Amino acid sequence: MLVLAAVALVSHVLRRTLPPRFLRPFRSVRFNIWLFVTIAVAASIGTFFPQGTLTPEAADRLGPFLSSILSKSGLLNVYHTPWFAALLGLMAFDVIACKLDKWPRRARADARLQTASLNLGKADVFHGAVQQARFSVNASCEKVSEEVMGWLAGRGFRLLESRPLTGDKQEARLYTADRHRLQRWGDFILHVSIVVVLTGGLIGAMFGFSDMLPIPEKGAADLPQRGWRVELENFDIEYYRNTGEPSLYASEVSVYDDQALVAKQRIIVNEPLDVGGVRFYQATWGMTQEFHSAQLRFRASSLTLEPGRVVPFPGTSVAFRANVFAPSLGVDDHGFPVAGSSAGGNPALQVDVLERGEVAGRLWLLQHHPDLAFRLDTEGRLSRMDPPPFHVASIEPVLFSGIQVSYDPGASVFWVGSVFLLIGLALHFYFHYRRVRLIVTDAGSKTEVKIGAWSSRSAVDFHPEFTGWVNELQRRFDPF
Amino acid sequence: MEELLFHVAFYAYTIATALYLGYAFTKRESLAAVARWALFLALVVHVASLGARTIEARRLPQHGWYVPWSNWYESFSFFAVVIAVEYLILQYRRHLPILGAFVVPLVWASLLVAINSPFGRAIPNLPPALQSYWMAIHVPVMFVAYGAFANAFAIGLAYVMQERQIKSRKPTHLAFRLPPLDELDNLIYRVIWWAFPVLTLGILLGARWAYDAWGRYWGWDAKETWALITWLVYLIYLHMRIVVGWRGRKTAYLSLAGFAVVLFTYIGVNYLSELHGFLSGGGR
């Protein structure tokens, strides 16, 4: 209600303060169309350029000049640039200037037309009617009037007026009725709703926040916007059988406000936790660069390694120590290992081989490629080596849960606007306003009926319906 | 069973397409009725194949959420169903069998794309983000709108062909089969008029799902953005038609352009979108 009142106030202020010639361009359909085209083109640009900061690889590829142009022009952040926001704001202003100014006058004109007595001659009674017809029946004027009223009621029309026609030599009666009057508000409602929807977006952009909290298992993260602490009690992940594709991942989180527990819930994808309007979503998951344990497999035996712990190989002077885990080991252009994304596409373990307590070699072993092994040289570069007589059979990584946190005070405004947008569209598009006016005139031995109708339907589509009405009326008096 | 039914449906659609094209370019009136029955039969078998696939999938463990429009193959198959159903409704109301020669090839083409899916036809493992009742609501509503725009596109093609037939010195049987230009123009308008609120509903349902799944109702993801662009294109069509008074060729071409945008939103965006794209695995 507050937003609607604000919109009405803005409209009123516009009409009173801005000169009409300033508002005239905004009321032009040509301007509207070009505005829609501009918004469409601007929005499409953002889909062809990666949005957000350029990755170092992409920046290298484009070169410093192009990277600078793309960054400064806003093409890498189209939807959050002032000019894009201005386009959306212009759309809202355009709707207000175009529609809301007209509607109070139009509504008043409609009310006058519906209720005021017409002091017109019969010829003007059907002014603007898109369909007209006349026929005569062998029945009294009273009988015909009665049937007309019955037909109007049966067709669901709401009678607006029923009175004798003034200034007529013959006895004549005028009936005016309409149906689906609410349809006439559909256009207004849907246009106002667009402004409400955009307002909801603006409120969210100005006063809302969004954050991603990657929380490792049994770990915690702070939400600085609220001063809360979010603890991950448990993280579950299930996979589709015989695949590595996750079928479910869920987090048991506890939210603390100054050490007081405010919420505790298991959240899964599509089922967020709501704490006073702040919503916690199970957005993603991944592997950290830590691990619980790993299995080294030899020809006839295996060893379990834990982070940093030296594990001797029985019966030898050799020992092993697992140091670092990389979810997706890669190599940069200079030969140095990089940990890669958290998705775990190429999990690898850095293992020290110790001989009598001294590091004899530092290796990287790939879990999914047991036939590959890499040695780390003294400078830290990787070089391929002949595969050793052992490989990493399994690694149990420490997972993290990606909890998306968002607060959008404009969301409720957006939803209200959306509901009314749909109502307005349904009224405007799926209902058709119809108004019918009939004059029943006593013509001696016969009674003459003149019928005229108006509709929001196009003339082409309304004609068969109107013809049906006339036939129905005629059949009431002459069934054959 | 599902695969057998699908192949039977495809052959029936092929026959229906041939019959409608035969009707368009010959004098044989009886072909229209036979084509309609072939299309109806194809549709029944096709829907049965989707039902069989659903039953089969839901028997699999961890597939309780399954709906038969979850990957490339299934979505194009479902799209074909929607276009066909909407055409049959249009045919029932308007009695213009000649339009089948323009619509049914679209149905057949959609199935062809499904059959040649680059990702195979196996029942997919849905990522967690797609395991939601919204999958059964938002996606079909969008397809209903897209299917209507596909029908409008086909009628637009019919308009363009009829116009050329009229202007040519040697009109074929097609010119006499097709209705007058203003009737085609009005039909395009009526279809888009009906579909526009459905498209709006579909977009808003998607926003509601995104609010529950991704933490925001609108994130300018490529799929969302191009759905909005589709909405703007048809908004332009309606404004030009209703307010400016455009008729005929201009609006026919606009309906063709609108469907091109629909196709880009449906197919092209999968190469751009991280969240919606079939290629990116969608929704992780």
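Biologist: Quick one to start: is Phe390(A) buried or exposed?

Modeller: Buried, with a relative accessible area of 8%. Keep in mind that this is a predicted model.

Biologist: Okay. Which ring does Phe390(A) form an aromatic pair with?

Modeller: With Phe320(A). The pair is edge-to-face, 5.0 Å centre to centre, with 75° between the planes.

Biologist: And where do Phe320(A) and Phe390(A) lie?

Modeller: Phe320(A) is in strand β13, residues 318-326 of chain A, while Phe390(A) is in the loop between β19 (382-384) and β20 (391-407). The two rings therefore tie together parts that are 70 residues apart in sequence.

Biologist: What about Phe320(A), buried or exposed?

Modeller: Phe320(A) is buried, at a relative accessible area of 3%.

Biologist: What geometry do Phe414(A) and Trp415(A) have as an aromatic pair?

Modeller: Edge-to-face, at 5.0 Å centre to centre and 80° between the planes. Phe414(A) counts as buried at 7% relative accessibility. Trp415(A), at 18%, also counts as buried, since the cut-off is under 20%.

Biologist: Which charged end sits over the ring of Trp415(A)?

Modeller: That of Arg208(B), 5.2 Å from the ring centre. So in that contact a chain B residue sits over a chain A ring. There's also Arg184(A), which lies over the face of Tyr433(A) at 4.5 Å from the ring centre.

Biologist: How many aromatic pairs does the structure hold over all chains?

Modeller: 51. In chain B, ring pairs link residues into a cluster, including Trp69(B), Trp72(B), Phe119(B) and Tyr266(B).

Biologist: Switching to strands. Why is β22(A) largely enclosed by the rest of the structure?

Modeller: Because seven of its 10 residues, in the run 446-455, are buried.

Biologist: Which strands does β22(A) pair with?

Modeller: One of them is β1(A), residues 131-137, joined to β22(A) by seven bridges and running antiparallel. Another is β21(A), residues 434-443, which pairs with β22(A) over 10 bridges, also in the antiparallel sense.

Biologist: What's the bridge partner of Gln132(A) in β22(A)?

Modeller: Gly452(A). Arg437(A) has Gly452(A) as its bridge partner in β22(A) too, so this glycine is bridged to both Gln132(A) and Arg437(A).

Biologist: And how many residues are between β21(A) and β22(A) in their hairpin?

Modeller: Two. Gly444(A) is in that turn, and has a positive phi of about 85°.

Definitions and conventions:
Residues are numbered from 1 along each chain as its sequence is written. Chains are lettered from A and ligands numbered from 1 in the order in which they are written. This is a predicted model: local features need pLDDT of at least 70, side-chain atom pairs count only at pLDDT 80 or more; totals for chains, interfaces and linings use all residues. Side-chain values use heavy atoms; hydrogens and water are left out. Buried means under 20% relative accessible area, exposed over 50%, partly exposed in between (1.4 Å probe, protein chains only). Helices (H or I, at least four residues) and strands (E, at least two) are DSSP runs, numbered from the N terminus. Two strands pair if DSSP finds at least two bridges between them. Rings of Phe, Tyr and Trp (its six-membered ring) pair if their centres lie within 6.5 Å; planes under 30 degrees apart count as stacked, over 60 as edge-to-face and the rest as tilted. A charge sits over a ring if NZ of Lys or CZ of Arg is within 6 Å of the ring centre and within 35 degrees of the ring normal.
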